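Here are my notes on the model you sent over. I've kept them as numbered points so you can reply to each in turn.

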Amino acid sequence: TGQGGYEVDKMAMKAGVEDYLSKNEISPSLLERAIRYAIERKKSKIALKKAYGEMECEVLKRTAELAETNERLKESSEKIKHFAFCVSHDLKNPAIGLYGLTRHLAGTYSDKLDERGKKICAQILHASEQIISLVENINLYIATKEIPARYEILKFKEICRTIREEFSTPI
């Protein structure tokens, strides 16, 4: 440019110019430096563009791998869920049968059982109830994992105020 100064510099940069030389300040060494810097900037841009392309390919590759891993995890989760349902079913049926038979035994033959026999029947009933309860808890746990979580923002002050109002009389 034949004009120099800060305003020209500012306008040139806004227009997209990376560098400029003022005609009244040009010299062979300054021209050589400007050309060398321009070549280096171009090389840097090319290298950056290449690296960006490689990075984009890597991101796509990793995204595909992640999607594949997620799919395998879903399949594995389904297999585990199916296994858990099968196990809980296979455990619950005999436990219910054991409970029913023991209850029948205790009810029908209570007059023929001594205290130890009655105590053993009560222990079998209690143990079978526990098994049934545990199996139902397993089924409940599996079922709750199926339902997506629903998050809600709560206002702590309102909750405290409600609790205070609800329990102020009993307290």
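1. Leaving aside neighbours within four places in sequence, which residues is Thr 102 in contact with? Keep in mind that this is a predicted model. The partners are Cys 121, Ile 124 and Leu 125, once neighbours within four places in sequence are set aside. Thr 102 itself lies in helix H2. With a relative accessible area of 5%, Thr 102 is buried, because the cut-off for that label is under 20%.

2. On to helix H2 as a whole. Helix H2 covers residues 28-108, which comes to 81 residues. From its first C-alpha to its last, H2 reaches 116 Å, and that is close to the 120 Å expected at 1.5 Å a residue. The buried residues in H2 are Ala 34, Lys 81, Ala 84, Ser 88, Ala 95 and Thr 102.

3. Lys 81 caught my eye, as a lysine in that buried set. Its relative accessible area is 16%. Lys 81 also has a salt bridge to Glu 78, with the closest N and O atoms 3.1 Å apart. Both residues sit in helix H2, three residues apart, or about one turn of the helix. Why is Glu 78 labelled partly exposed? Its relative accessibility is 45%, which falls between the 20% and 50% limits, so Glu 78 gets the middle label.

4. There's another pair within H2. Arg 72 and Glu 68 meet side chain to side chain in a salt bridge, at 2.8 Å from N to O. They are four residues apart in helix H2, again about one turn. Arg 72 is partly exposed, at a relative accessible area of 45%. The general background is that an α-helix has 3.6 residues a turn, so residues three or four places apart point the same way.

5. What about a salt bridge between helices? Glu 136 and Lys 92 form one, their closest N and O atoms being 3.4 Å apart. This pair links distant parts of the chain, as Glu 136 is in helix H3 and Lys 92 is in helix H2, 44 residues apart. Both ends are partly exposed: Glu 136 has a relative accessibility of 39%, while Lys 92 has a relative accessible area of 23%. Elsewhere, Glu 58, Arg 62 and Glu 65 are joined into one network by salt bridges that share partners. How many salt bridges does the structure hold? The count is seven.

6. Next, the cysteines. A search of the whole structure turns up zero disulfides. Cys 86 is partly exposed, with a relative accessible area of 31%. Cys 160 is also partly exposed, at 33% relative accessibility.

7. There's a nonpolar patch on the surface, formed by Ile 26, Leu 31, Ile 35 and Ile 39. Together these residues have about 340 Å² of accessible area. One of them, Ile 35, is placed in helix H2. Ile 35 counts as partly exposed, at 46% relative accessibility.

8. Last, a loop residue. Leu 154 is in the loop between helix H3 (115-146) and helix H4 (156-167). Is Leu 154 buried or exposed? Leu 154 is exposed, because its relative accessible area of 56% is over the 50% cut-off. Leu 154 and Lys 42 are 112 residues apart in sequence, and their C-alpha atoms are 55 Å apart in space.

Terms used
Residues numbered from 1 in each chain as written. Predicted model: local features only at pLDDT ≥ 70, side-chain atom pairs only at ≥ 80, totals over all residues. Heavy atoms only, no water. Patch = residues over 30% accessible without salt bridge, like charges linked within 9 Å, V, L, I, M, F, W, Y side chains within 5 Å. Areas by Shrake-Rupley, 256 points an atom, 1.4 Å probe, with all protein chains shown as cover. Salt bridge = Lys/Arg side-chain N within 4 Å of Asp/Glu carboxyl O. Helix = DSSP H or I, 4+ residues; strand = E, 2+ residues; numbered from the N terminus. Buried < 20%, exposed > 50% of the residue type's maximum accessible area, 1.4 Å probe, protein only. Contact = heavy atoms within 4.5 Å. Expected span 1.5 Å × (residues − 1). Disulfide = S-S within 2.5 Å.
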